[in-house]
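Biologist: Please take one part of this model and look at it closely. Pick the part yourself, then work outward from there to the rest of the chain.

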Amino acid sequence: MEAADYEVLSVREQLFHDRVRECIISILLFATLYILCHIFLTRFKRPAEFTTVDDEDATVNKIALELCTFTLAVALGAVLLLPFSIISNEVLLSLPRNYYIQWLNGSLIHGLWNLVFLFSNLSLIFLMPFAYFFTESEGFAGSRKGVLGRVYETVVMLILLTLLVLGMVWVASAIVDNDKASRESLYDFWEYYLPYLYSCISFLGVLLLLVCTPLGLARMFSVTGKLLVKPRLLEDLEEQLNCSVFEEAALTRRICMCSLPSDPTSCWLPLDMELLHRQVLALQTQRVLLEKRRKASAWQRNLGYPLAMLCLLLLTDASLGQVSFSKLGSFGAIIQVVLIFYLMVSSVVGFYSSPLFRSLRPRWHDTAMTQIIGNCVCLLVLSSALPVFSRTLGLTRFDLLGDFGRFNWLGNFYIVFLYNAAFAGLTTLCLVKTFTAAVRAELIRAFGLDRLPLPVSGFPRASRKKQHQ
């Protein structure tokens with residue numbers, strides 16, 4: 001073989017090794033996310049649905065749970081996509097010729113973006129509808145009972161749903177862009193149809209983030225206030241602890257009196273003993289938490305709470321302001337990553353705090369399978385729209401890679417301007433409402449107005465004084 005043949009062979013070997021390395025890294029990253037999501041979902045699933053007498057239902061629920069785990073792993077990967085790309089870009093710029101980070105190249109990053117795009121489409125269009133129809137199916141009438149009969153019914157329902165969605169998207173594209181070339185391009189399922197459909201889903205996710213994120217940004221202050229210990233000036237832990245102890249003692253005494261078999265007249269009103277036991281357990285949990293907060297150090301009480309509130313204010317102000325952090329180098333990249341995670345956490349908090357989606361909130365070891373499917377779909381929609389959301393708000397100048405960069409409405413100045421204006425207005429409104437409500441509550445509590453007796457309607461004040469005399 002000549003020298004040119006050896007060079008071609010070495011180039012092919014290098015490309016092959018690079019491809020194998022990228023596949024191994026992608027598999028390891030997704031396997032890690034899958035294991036974490038599986039552990040997370042097992043903490044919320046309802047154990048009775050997986051240990052039923054009917055093995056068929058248990059098998060169906062297990063298959064649906066694995067599909068939900070895959071979808072949640074894709075959602076978590078979509079959340080980590082933009083931060084991972086920003087950090088990788090800064091590392092490559094800082095250490096361009098380091099041998100130990102040669103695996104962190106542009107080909108790997110582009111491949112991860114394309115994989116997330118592909119798996120997001122697969123989960124939203126096929127896997128999650130299949131999981132829902134699979135859990136609700138019973139098999140066709142007259143067919144043999146079993147998991148296979150449910151699979152047949154689910155596949156038929158999924159084909160009908162796919163045809164319905166394809167037709168709706170084709171009609172919507174024909175109405176919006178009445179061009180023969182654009183309509184013919186819809187026949188190209190992979191190159192045009194899936195990106196167009198995902199663009200519509202991502203646009204809905206961005207609108208959902210527009211509503212949920214301002215609510216979450218305002219809600220984050222109250223959530224942080226519940227988790228941290230407030231200063232003594234803002235909270236009287238001794239009074240709350242004494243009230244909790246007295247209420248627990250009163251309920252315990254009432255339960256003991258009503259449970260005495262020798263004196264049936266001690267409880268002359270019918271009481272719900274199960275409700276009383278639940279109230280006692282809730283008060284015991286509250287008392288334990290209050291005791292832990294009382295034992296907190298002076299640094300946690302007087303410094304932790306103000307610093308946390310200050311950090312939240314700075315992050316909220318940075319998310320509202322159109323500031324370019326790319327000029328700050330590595331420090332600016334870290335700020336961008338922190339802001340992206342903060343907005344995602346705020347959007348999830350606002351999503352579960354909104355009255356429309358409050359019923360979807362998962363419960364510890366008491367979440368139905370259909371509710372888990374709904375949560376996974378909503379989280380995937382929110383996380384898939386996070387890169388577009390961050391790019392629209394101007395939090396990062398990092399270009400969206402792969403099919404994420406094919407969204408044409410991102411280049412429309414009027415849409416981006418109106419979206420930023422609506423986001424700033426809604427966030428300001430929610431923050432002003434939250435802070436004014438908190439200030440009113442603290443002032444009423446500081447002056448002791450919350451402990452004043454309410455006046456009895458129908459009796460004038462003078463008559464009540466005469467009655468007391």
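**Helix 12 and its surroundings**

Modeller: Start with helix 12, where Leu386, Pro387, Val388, Phe389, Ser390, Thr392 and Leu393 are buried. The model is predicted. Helix 12 spans residues 386–393, and 7 of its 8 residues are buried, so the rest of the structure largely encloses it. Just after helix 12 comes Gly394, with a positive phi of about 80°.

Two residues of this helix lead straight to the core. Phe389 and Leu393 are among the residues with the most contacts inside the largest nonpolar core, a set of 77 residues. Cys68, Met128, Phe351, Met369 and Tyr419 are also on that list. Which helix gives the largest share of this core? Helix 2, residues 55–94, does, with 15 residues. Apart from the largest core lies another one, of 5 residues. Leu251, Leu276, Val280 and Leu283 are among its members.

Cys68 deserves a stop. Neighbours within four places in sequence aside, Cys68 is in contact with Leu41, Met128, Met369, Ile372, Ile373 and Cys376. Two of these partners, Met128 and Met369, are themselves listed among the residues with the most contacts in the core. Cys376 is the partner to check for a bond. How far is the sulfur of Cys376 from the closest cysteine sulfur? The distance is 4.3 Å, to Cys68, and that is too far for a bond. A disulfide is a covalent bond between the sulfur atoms of two cysteines. The structure holds 0 disulfides. Cys376 counts as buried because its relative accessibility is 2%. Cys311 is partly exposed, with a relative accessible area of 44%.

Now the empty space. The second largest pocket has a volume of about 600 Å³. Its lining counts 24 residues, and the closest to the pocket centre are Phe40, Leu72, Val348, Tyr352 and Leu379. Four elements give two or more residues to this lining: helix 1 (3–42), helix 2, helix 10 (330–353) and helix 11 (369–384). Helix 2 therefore has a part in both places: it gives 15 residues to the largest core, and it is one of the elements that line this pocket. By class, the lining has 19 nonpolar, 4 polar and 1 charged residues.

Between helix 10 and helix 11 runs a loop, and His365 sits in it. His365 is not a glycine, yet its phi is positive, at about 60°. Is His365 buried or partly exposed? At 36% relative accessibility, it counts as partly exposed.

Helix 4 gives a second set of packing details. It covers residues 147–176 and includes Thr154. Thr154 counts as buried, at 1% relative accessibility. Beyond its neighbours within four places in sequence, Thr154 is in contact with Phe130, Phe133, Phe134 and Ser137. Leu158 is also in helix 4. It counts as buried too, at 12% relative accessibility. Not counting residues up to four places away in sequence, Leu158 touches Ile125, Phe126, Pro129 and Phe130. Phe130 thus appears in both contact lists, that of Thr154 and that of Leu158. Leu158 and Leu127 are 31 residues apart along the chain, and their C-alpha atoms are separated by 9.6 Å.

Helix 13, residues 413–446, holds Thr428. Thr428 counts as partly exposed, at 42% relative accessibility. Thr428 and Thr316 lie 112 residues apart in sequence, and 10.0 Å apart in space, C-alpha to C-alpha.

Step back to the whole chain. It has 14 helices and 0 strands. Of its 469 residues, 37% are buried. Take contacts between residues at least 6 apart in sequence: 77% of them join residues at least 24 apart. Against that background, return to helix 12, with 7 of its 8 residues buried. Its Phe389 and Leu393 are among the residues with the most contacts inside the largest core.

Note on methods. Residues numbered from 1 in each chain as written. Predicted model: local features only at pLDDT ≥ 70, side-chain atom pairs only at ≥ 80, totals over all residues. Heavy atoms only, no water. Core = buried A, V, L, I, M, F, W, Y, C linked by side-chain atoms within 4.5 Å. Buried < 20%, exposed > 50% of the residue type's maximum accessible area, 1.4 Å probe, protein only. Contact = heavy atoms within 4.5 Å. 1 Å grid on protein atoms, 1.4 Å probe; cavity = no way out; pocket = protein on both sides within 12 Å on 5 of 7 lines; lining within 4 Å. Points joined across faces, edges and corners; volume = space filled by probe spheres on them. Nonpolar A, V, L, I, M, F, W, Y, C, P; charged D, E, K, R; others polar. Disulfide = S-S within 2.5 Å.
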